[in-house]
Amino acid sequence: MNTLIRLQKYLASAGLASRRGAEKLIAAGRVKINGATVTKAGTKVNPRRDKVEVDGLPVKPAGEKKYYLLYKPAGFLTTVKDPFGRPTVMDLLPRKIKKGLFPVGRLDKDTTGLLLLTNDGEMAFRLTHPRFEIKKEYLVLVRGVPTADDLQKISRGILLEDGKTAPAKAKIVTVQQGKASLLLTLHEGKKRQIKRMCSALGYPALSLKRVSLAFLTLQGLQPAAYRVLTTAEIRKLSFLAGLKE
Ligand code: URA
């Protein structure tokens, strides 16, 4: 946060009030910048250098939000900390960047592929909640070759013990030696959903990889490598998740 931002935005993003509410606080003379009372809402502040106070109490700037895309390899748990000390996805990130980060959603220990990590709880919630319809694509290798009828069942929804799955897209990508590779597109993420859907139809999953989330893919990354999301990607993701910039 090097740039100057409007005082009401600073107060709102610090969680103090809505922007309208912040404007009222400013107009009421309750806000000081570097010890001087400010009553003009458009006043700019430098979140790094300026000392902002409301009613005499300091207002800390909102923490910087961070977003990383990791190519999860098999063998790592999707959790911040495992009580049994098993390897987690956090072990794949250097100490200096992982503070405060957590994985967005969950991939099983043996599942590979695209995993986001962030410290932005609102974004994480929206990217995983089915209401926001963020699409996730998976390649799953199954034993057996699903019939057109079975693929239809996936697209209509399958009854699992915790309810019916939402409509999903399913298509066969390749067939080899009695195994089929399927591309599945889902908007929800029940626990072990794909494995359970495939098993329910009689095609056990042999391997599973998440290949995309919204417009993000694994392009350019090797397993266990990660990268920072670009500003343009964060903006686009915020927009898709219904969060305004
Ligand atoms: N569905 C599964 O069964 N496992 C995963 O890791 C992700 C989706």
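This report covers the ligand site and the domains around it in a predicted model.

## Domain layout

The domain assignment splits the chain into three parts: domain 1 (5-58), domain 2 (67-130 + 215-240) and domain 3 (135-213). Domain 2 is assigned in two segments, 67-130 and 215-240. The centres of domain 1 and domain 3, taken over C-alpha atoms, are 51 Å apart.

The ligand lies between domain 2 and domain 3, because both give residues to the shell around the ligand.

## The shell

The residues around the ligand are L107, D108, T111, Y138, R192, Q193, I194, K195 and L208. By class, the shell holds 4 nonpolar, 2 polar and 3 charged residues. Helix 6 (residues 193-200) supplies the largest share, with 3 residues.

## Polar contacts

Backbone atoms of R192, I194 and K195 come into play here. For R192, a backbone N or O atom sits 3.2 Å from a ligand oxygen. For K195, a polar backbone atom is 3.0 Å from an oxygen atom of the ligand. The I194 contact involves a ligand nitrogen instead: a backbone N or O atom of I194 lies 3.1 Å from that nitrogen.

## Burial and pocket

How much of the ligand's exposed area does the protein bury? Taken alone, the ligand exposes 240 Å², and the protein buries 96% of that. The space that the ligand takes up is the second largest pocket.

How values were computed. Residues are numbered from 1 along each chain as its sequence is written. This is a predicted model: local features need pLDDT of at least 70, side-chain atom pairs count only at pLDDT 80 or more; totals for chains, interfaces and linings use all residues. Side-chain values use heavy atoms; hydrogens and water are left out. A residue is near a molecule or strand if one of its heavy atoms lies within 4 Å of it. A polar contact is a pair of N or O atoms within 3.5 Å; within protein, one must be able to donate a hydrogen and the other to accept it, and residues adjacent in sequence count only if both atoms are side-chain atoms. Accessible areas come from the Shrake-Rupley method with a 1.4 Å probe; for residues, only the protein chains shown count as cover. On a 1 Å grid over the protein atoms alone, a cavity is a set of points where a 1.4 Å probe fits but cannot get out, and a pocket is an open set with protein on both sides within 12 Å along at least five of seven lines; lining residues have an atom within 4 Å of a point. A molecule sits in a cavity or pocket if more than half of its atoms lie within 2 Å of its grid points. Helices (H or I, at least four residues) and strands (E, at least two) are DSSP runs, numbered from the N terminus. Ala, Val, Leu, Ile, Met, Phe, Trp, Tyr, Cys and Pro count as nonpolar, Asp, Glu, Lys and Arg as charged, and the others, Gly among them, as polar. Domain bounds come from an automatic or database domain assignment.
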